[in-house]
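Good morning, and thank you for making time for this item. I should like to take the group through one structure, from its overall make-up to a few individual residues.

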Amino acid sequence: MEILLNIVYYIVPFVILLGILVFVHEFGHFIIARSLGVSVSDFSIGFGKELWSRTDKYGTKWKLCAIPLGGYCQFLGDADASSSTTDKAVEELSEEDKKHAFPYQKRWKKLAIVVAGPAFNYLFAILVFIGIFYCCGKIVYPSVVGGVMEGEAADMAGIKVGDHIVGINENPVADFQALSNEVALSATDEIKVKIERPLTIKLKTQEVELPFAHKKPRKEKILGLMSVPAKYDEKIKDFLPSPPVVGNVIAGSSAEAAGFRKDDMLDSINGVAIQDFTQLKEYVAAHLDDEFEIRLRRPLTLTAVLKETAFDAGDGKKIKRRMLGVQSVAGIIFSEDKMTFTEAVKSGFDEAYILTATTLRAVGQMITGQRGGKDVGGIIRIAEMSGDVSKSGGLIGFLYFMALLSVNLGLINLLPIPVLDGGHVIIFLCEMVIRRDLKPKIKDYIFKFGFLIILAIMILATWNDVVHLINRWFD
């Protein structure tokens with residue numbers, strides 16, 4: 001059953017996500033090529049064995065292949081799907097066919113076709129951002145701890161990854177921006193951090209002697225959790241259902257032995273969401289001999305002592321500021337403030353710009369040695385992240401993650417590395433400047449060098465992915 005769930009949560013979302021992004025990218029090449037009169041011989045999603053194909057009236061063969069790790073759009077006259085070499089048979093084409101073959105096109109046309117793939121990735125991402133912002137509102141990052149900086153205030157206070165910070169100095173915190181603001185506004189270095197810590201506790205029922213005021217004590221098979229007092233509603237003249245919050249833990253019970261505490265907030269039992277305490281009692285009564293896995297949130301108040309920490313302000317300069325020393329998780333939530341369509345359009349373009357600038361900064365830091373290569377991820381990491389997002393973020397979170405990856409795919413393809421679209425752009429621009437084609441032998445060397453770079457990046461990314469997975473499994 002667990003294997004089937006992993007297929008649903010990880011493999012299926014990954015295939016859907018990658019398939020859509022590859023289609024968008026290759027469709028950009030395709031539609032611009034066709035509009036400029038260039039014939040497309042093959043449009044493939046995936047590589048390897050052909051699973052399905054159909055040839056349209058223009059002679060383009062549309063294909064779905066067995067290995068869903070990419071795709072290609074092959075033009076008439078190309079020897080390979082990357083358009084890096086020219087088919088020798090193109091010289092044998094008729095004069096009419098040569099008009100539609102890629103190698104015989106003007107350089108500006110070649111440039112437009114190559115740029116169209118990344119451009120469509122950006123266009124797709126911006127449209128998704130606009131739709132999300134207009135329908136759901138502004139994206140904010142939850143105040144859930146995704147990382148703790150070693151030796152900083154949060155680390156010294158005992159804050160852990162997964163903790164949900166809900167308040168600073170008695171002031172409620174709704175998202176990560178509010179958290180940063182409260183830390184910055186603190187009048188003293190010592191702050192009170194109110195958190196809810198997610199925990200999972202496993203236990204079984206056991207017989208416990210229950211005292212009664214007017215009856216003889218009797219033994220009963222229970223967990224040993226008691227609810228907080230129910231509130232009386234004057235409108236309905238009755239008590240409201242007790243919330244799923246622990247009011248007391250019975251001494252000598254399995255709940256006490258398992259480590260339950262007063263005020264623990266119960267979320268689910270064996271995967272079933274708990275809405276009120278009565279529901280918990282009914283579920284336990286119906287499964288007395290089972291083992292129970294209860295997910296809960298434990299409210300804690302920790303004391304953190306802030307100190308100045310140097311960080312990158314975004315322009316390469318280091319500045320110091322009082323910081324708690326935590327990072328947000330990769331998830332997103334939405335504010336309740338709705339955007340107008342104009343505001344959503346502006347925010348959509350802004351989001352794409354910010355993601356591009358952030359990625360370029362990270363790439364620049366890797367090139368200059370300021371950042372290590374451990375952040376480079378590949379197909380395995382994408383599959384893992386798409387599965388995590390599909391499990392926790394729902395459809396909107398999945399769409400946002402897809403748009404984010406679309407921006408990264410477009411940007412990476414524009415990097416001036418031979419074999420990638422950016423490498424073709426540099427070559428076509430050089431040919432436009434010198435007004436002649438580069439020699440085939442020079443092109444061959446350039447693309448072989450580019451292939452080695454891509455191969456090295458893939459090896460590094462795969463290694464990082466495997467190490468990350470191993471650490472995740474054994475964490």
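A strand, as the word is used here, is a DSSP run of type E with at least two residues, numbered from the N terminus. With that in place, we can locate S268, which sits in strand β14, residues 265-269. Please keep in mind throughout that this is a predicted model.

Let me stay with S268 for a moment. Is S268 buried or exposed? Its relative accessible area is 10%, and the cut-off for buried is under 20%, so S268 is buried. If we set aside the neighbours within four places in sequence, the contacts of S268 are A273, I274, E293, I294 and R295.

Just beyond that strand comes a residue with a backbone feature to note. N270 lies in the loop between β14 and β15, the latter being 272-273. Its phi is near 50 degrees, a positive value in a residue other than glycine. N270 has 30% relative accessibility and therefore counts as partly exposed.

A second residue belongs beside N270 in this discussion. R435 is not a glycine, yet R435 has a positive phi of about 60 degrees. R435 is placed in the loop between α11 and α12. With a relative accessible area of 73%, against a cut-off of over 50%, R435 is exposed.

Now to the overall make-up. The chain has 12 helices and 20 strands. Of its 475 residues, 39% are buried. Among contacts in the chain with a separation of 6 or more, 65% are between residues 24 or more positions apart.

I turn next to helix packing. Two packed helices are described by the angle between their axes and the distance between the axes. Helix α3, residues 107-136, will serve as our reference.

Consider α3 with helix α11, residues 421-434: the two axes come within 9 Å and cross at roughly 160 degrees. Angles over 145 degrees count as roughly antiparallel, and α3 and α11 are therefore roughly antiparallel to each other. The crossing of α3 and α11 is left-handed. Which residues make the contact? On the α3 side they are R107, K110, L111, V114, V115 and P118. On the α11 side they are D421, H424, V425, F428, L429, E431 and M432. By class, the residues of this contact of α3 with α11 comprise 8 nonpolar, 1 polar and 4 charged.

The other partner of α3 that I wish to show is helix α10, residues 394-414. Here the axes are 8 Å apart and the packing angle is about 155 degrees. That value makes α3 roughly antiparallel to α10. The crossing of α3 with α10 is left-handed. The contact of α3 with α10 has 18 nonpolar residues, 4 polar and no charged ones.

One residue of α3 illustrates its relation to α10. V128 is located in helix α3, and at 14% relative accessibility V128 counts as buried. Not counting residues up to four places away in sequence, V128 touches L399 and A403. V128 and I396 are 268 residues apart in sequence, but their C-alpha atoms are 9.8 Å apart in space.

Two further residues show separation along the chain set against distance in space. The first I shall take is G348, found in helix α8, residues 341-368. G348 is buried, with a relative accessible area of 0%. Its contacts, neighbours within four places in sequence left aside, are I126, F129, I130 and F133. G348 and Y134 stand 214 residues apart in sequence, and 9.5 Å apart from C-alpha to C-alpha.

The next is F447, in helix α12, residues 440-474. F447 is buried as well, at a relative accessible area of 9%. F447 and V419 are 28 residues apart in sequence, with a C-alpha to C-alpha distance of 5.7 Å.

Finally, a word on cysteines. A disulfide is a covalent bond between the sulfur atoms of two cysteines. How many disulfides does the structure hold? The number is 0. As for individual cysteines, C65 counts as buried at 8% relative accessibility, whereas C430 is partly exposed, with a relative accessible area of 36%.

That concludes my presentation, and I thank you for your attention.

Conventions: Residues are numbered from 1 along each chain as its sequence is written. This is a predicted model: local features need pLDDT of at least 70, side-chain atom pairs count only at pLDDT 80 or more; totals for chains, interfaces and linings use all residues. Side-chain values use heavy atoms; hydrogens and water are left out. Helices (H or I, at least four residues) and strands (E, at least two) are DSSP runs, numbered from the N terminus. Buried means under 20% relative accessible area, exposed over 50%, partly exposed in between (1.4 Å probe, protein chains only). Contact means heavy atoms within 4.5 Å. Axes are lines fitted to C-alpha atoms, for helices over the stretch in contact, and angles run from 0 to 180 degrees between N-to-C directions. Angles under 35 degrees count as roughly parallel, over 145 as roughly antiparallel, 65 to 115 as roughly perpendicular and the rest as oblique. A crossing is left-handed if the near helix is turned anticlockwise from the far one by less than a right angle, and right-handed if clockwise. Ala, Val, Leu, Ile, Met, Phe, Trp, Tyr, Cys and Pro count as nonpolar, Asp, Glu, Lys and Arg as charged, and the others, Gly among them, as polar. A disulfide is a pair of cysteine sulfur atoms within 2.5 Å.
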